[in-house]
Amino acid sequence: MRVLVIGGDGYCGWATALYLSNKGHDVAILDNLVRRLWDMELQSETLTPIAPIQTRLQRWKDLTGKDIELFIGDVNNYPFLEQSMLQFKPDAVVHFGEQRSAPFSMIDREHAVMTQSNNVLGNLNLLYVLRDHFPECHLIKLGTMGEYGTPNIDIEEGYITIKHNGREDTLPFPKSPGSFYHLSKVHDTHNIHFACKIWGLRATDLNQGIVYGVLTEETGMDELLINRLDYDGVFGTALNRFCIQAAVGHPLTVYGKGSQTRALLDIRDTVRCIEIACENPADAGEFRVFNQFTEMFSINELAMMVKKAGNTLGLDVEIKNLDNPRVEAEEHYFNAKNTKLIDLGLEPHLLSDSLLDSVLNTAIKYKHRVNKKQILPTVSWRRD
Ligand code: NAD
Ligand code: USQ
């Protein structure tokens, strides 16, 4: 297949582009490299030293003989997006190209507005290119489990059948997201659903949990192919951060009581889920939602697992509960369904089997690059 990976210079996108290329698909990356700019703005850096995108792609070609085409530009530049897609002619578009940090979106008005305009309007532009030129192309869009929030009922995969006053209907599952970033994903979801309904587009919305890990078969082939791994208080995510904190002897930063529960998956499962979605396209007019995660843990459980794994490597790991900078439920019910990708063949990597390999060892290898000043959270959800 010809697969366009939008956001292919980022954490999930880079691993996915190489994985699909290795599987024999014709892959192109479209990215405006803005994430590298945001790192500069925040004065933070990925733990792992990532090479410029052109160097990465040249190394991939030298090693494997496989060419990945590169389009550098913004999905919000409509003529650029349209021309790139007309040139590449994708059978499937995997859309990772958004601002993905909840804290970044909560810094101030500018960051909230930028997040929503970047994400929502970029996605809307993409829907119009699909409508006008590629109505058969399968859109695989990265959503998030955080769209649902933490309702006091089981979370279904996208839709729920409701009986109300003697009538019954299957409707989009109610959304209650926890940041302006997570809200941008809900807005995307509604726009894609509507576009499928009115224009007959085919789309799969992957409501992905928190991704952990850094190594995939392909990104581990060579130092120049290494993936990014964020640990800072804005872009770093819980488990990846805890591993890096353990490696440098910083207390693990559990926010609030730590009983918040989240859905997670290994980056090796992210790339496999995208492959599964590509191989099993949605029908024309279908807006399909898969919950893309493999396991659920509370933040305390994650911290305890990292502490134990760290101890086996001789690390002295302390866990510290910080005042929660976010406004979120800390004690809540959380039980989400995730059978659709498993039914299509996903065989999950379990955290208990892979914690050391997936992050801790990489964290230890590159710990000299950690700037400890970047670890504590700096963004508050509150008005004061
Ligand atoms: P990332 O920041 O590492 O990568 C995103 C990439 O998209 C970057 O390379 C960036 O330059 C590019 N991009 C952003 N806006 C763009 C635009 N307007 N035009 C072109 N390119 C643009 O993020 P990631 O962690 O790889 O996440 C990828 C996607 O997966 C996001 O949509 C995110 O919401 C979703 N997701 C990520 C996680 C996670 O834990 N990392 C979990 C669930 C969902
Ligand atoms: N948390 C801590 N300590 C930390 C970091 C986070 O306790 O050092 C807590 C947060 O308070 C929150 C939970 O861990 O309760 C998750 O936070 P996170 O930063 O790991 O993840 P989140 O902000 O939800 O965002 C990440 C990605 C985002 C994706 C989302 C999937 O950045 O792109 O959409 O995970 S989900 O969480 O399922 O919505």
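Me: How far from an oxygen atom of ligand 2 does a polar side-chain atom of glutamate 328 lie?
Reply: This is a predicted model. Glu328 is listed among the closest of the residues that surround ligand 2. Between a polar atom of the glutamate 328 side chain and an oxygen atom of ligand 2 the distance is 2.6 Å.

Me: What percentage of the accessible area that ligand 2 has on its own does the protein cover?
Reply: Side chains that approach the ligand include that of tyrosine 181, with an N or O atom 2.6 Å from a ligand oxygen, and that of histidine 182, with a polar atom 3.0 Å from one. On its own, ligand 2 has 730 Å² of accessible area, and the share covered by the protein is 95%.

Me: Which elements give two or more residues to the shell around ligand 2?
Reply: The shell holds nine nonpolar, nine polar and five charged residues. Two or more residues come from each of α7 (180–199), α8 (238–248) and β10 (252–255).

Me: Which strands stand at the edges of the sheet β9-β11-β13?
Reply: This sheet is open, has three strands and shows mixed pairing. Each edge strand has a single partner, so one side of it is left without a neighbour in the sheet. The edge strands are β9 (210–212) and β13 (295–298).

Me: Which residue in β11 stands opposite valine 211?
Reply: β9 pairs with β11 (residues 261–266) in the parallel sense, over three bridges. In β11, the residue opposite valine 211 is leucine 265.

Me: At about what angle does helix α10 run to β13?
Reply: Helix α9 (residues 267–279) touches β9 and β11, and makes about 75° with the direction of β11. Helix α10 (residues 299–312) lies across β11 and β13, and its angle to β13 is about 90°.

Methods: Residues numbered from 1 in each chain as written. Chains lettered and ligands numbered in written order. Predicted model: local features only at pLDDT ≥ 70, side-chain atom pairs only at ≥ 80, totals over all residues. Heavy atoms only, no water. Near = heavy atom within 4 Å. Polar contact = N/O pair within 3.5 Å; in protein donor to acceptor, adjacent residues only side chain to side chain. Areas by Shrake-Rupley, 256 points an atom, 1.4 Å probe, with all protein chains shown as cover. Helix = DSSP H or I, 4+ residues; strand = E, 2+ residues; numbered from the N terminus. Nonpolar A, V, L, I, M, F, W, Y, C, P; charged D, E, K, R; others polar. Pairing = 2+ DSSP bridges. Contact = heavy atoms within 4.5 Å. Axes fitted to C-alpha atoms, helices over the stretch in contact; angles between N-to-C directions.
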